[in-house]
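User: Could you take a close look at one part of this model with me? I'd like a connected account that I can follow on screen.
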Amino acid sequence: MDKIELIINEIAQNKIEFNEGCQTVLNDKGFNFETIFSCLRNYIFNSIPEKTNYNTQTYQNAIKTIPLKSTFTPIVILKSFDTKIAFNKLEKIIENEREKTIIALLWILKQTDTERRNTECKNGCGHDWHNIE
Ligand SMILES: [Zn+2]
């Protein structure tokens, strides 16, 4: 797990305050949208138990509560399209929407991963990212 992956998981596990964590990820010297996007997509899809459409109540609640204006393009995309299609669109989003996209995905992961930790992983799990100090 590299430094950014560690921070992403600390955000998901409430070990760092959300906004502070977002700023740490976005201001990292090695920030690379493609890398962080695909990392977040993997973690989010992994954390959603429904593997056909990746659509659960927790996912729906997460996209409704993203702490950004609901008229921002990434939020509109997430609300308007099925999960996989929305993520394919976000992957190609224009440069000045990229930071908002990362914040939105960090928020979604925080919700979906928390649900997983409270259910499937509740009695211990072998996920190394759930067993960080
Ligand atoms: Zn786990």
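Which residue forms a salt bridge with Glu91, and how far apart are the closest N and O atoms?

Analyst: Happy to! The partner of Glu91 is Arg41, and their closest N and O atoms lie 3.0 Å apart. A salt bridge here is a side-chain nitrogen of Lys or Arg within 4 Å of a carboxyl oxygen of Asp or Glu. Before going further, please keep in mind that this is a predicted model, where local features need pLDDT of at least 70, side-chain atom pairs count only at pLDDT 80 or more, and totals for chains, interfaces and linings use all residues. Residues are numbered from 1 along each chain as its sequence is written, and side-chain values use heavy atoms, with hydrogens and water left out.

The Glu91 and Arg41 pair joins distant parts of the chain, 50 residues apart: Glu91 sits in helix H6 (residues 83–91) and Arg41 in helix H3 (residues 33–47). Helices (H or I, at least four residues) are DSSP runs numbered from the N terminus. The two partners differ in burial: Arg41 is buried at 16% relative accessible area, while Glu91 is partly exposed at 34%. The cut-offs are under 20% for buried, over 50% for exposed and partly exposed in between, with a 1.4 Å probe and protein chains only.

This pair belongs to a set of six salt bridges in the structure. Among the others, Glu97 meets Lys100 at 3.1 Å, N to O, and Glu97 counts as buried at 11% relative accessibility. Another one joins Arg116 to Glu120, with the closest N and O atoms 3.0 Å apart; Arg116 is buried too, at 8%.

Helix H6 also has a role in covering a neighbour. Together with helix H5 (73–80) and helix H7 (98–118), H6 is among the elements that cover the buried residues of H4; contact means heavy atoms within 4.5 Å. Those buried residues of H4 (residues 57–64) are Thr58, Tyr59, Ala62 and Ile63. Viewed down the axis of H4, they fall within an arc of 130 degrees, so they line one face of the helix; the arc is taken from the directions between the helix axis and the C-beta atoms. In general, an α-helix has 3.6 residues a turn, so residues three or four places apart point the same way. On the face of H4 turned away from this buried side, you will find the exposed residues Gln57 and Lys64.

Note on methods: Helices (H or I, at least four residues) and strands (E, at least two) are DSSP runs, numbered from the N terminus.
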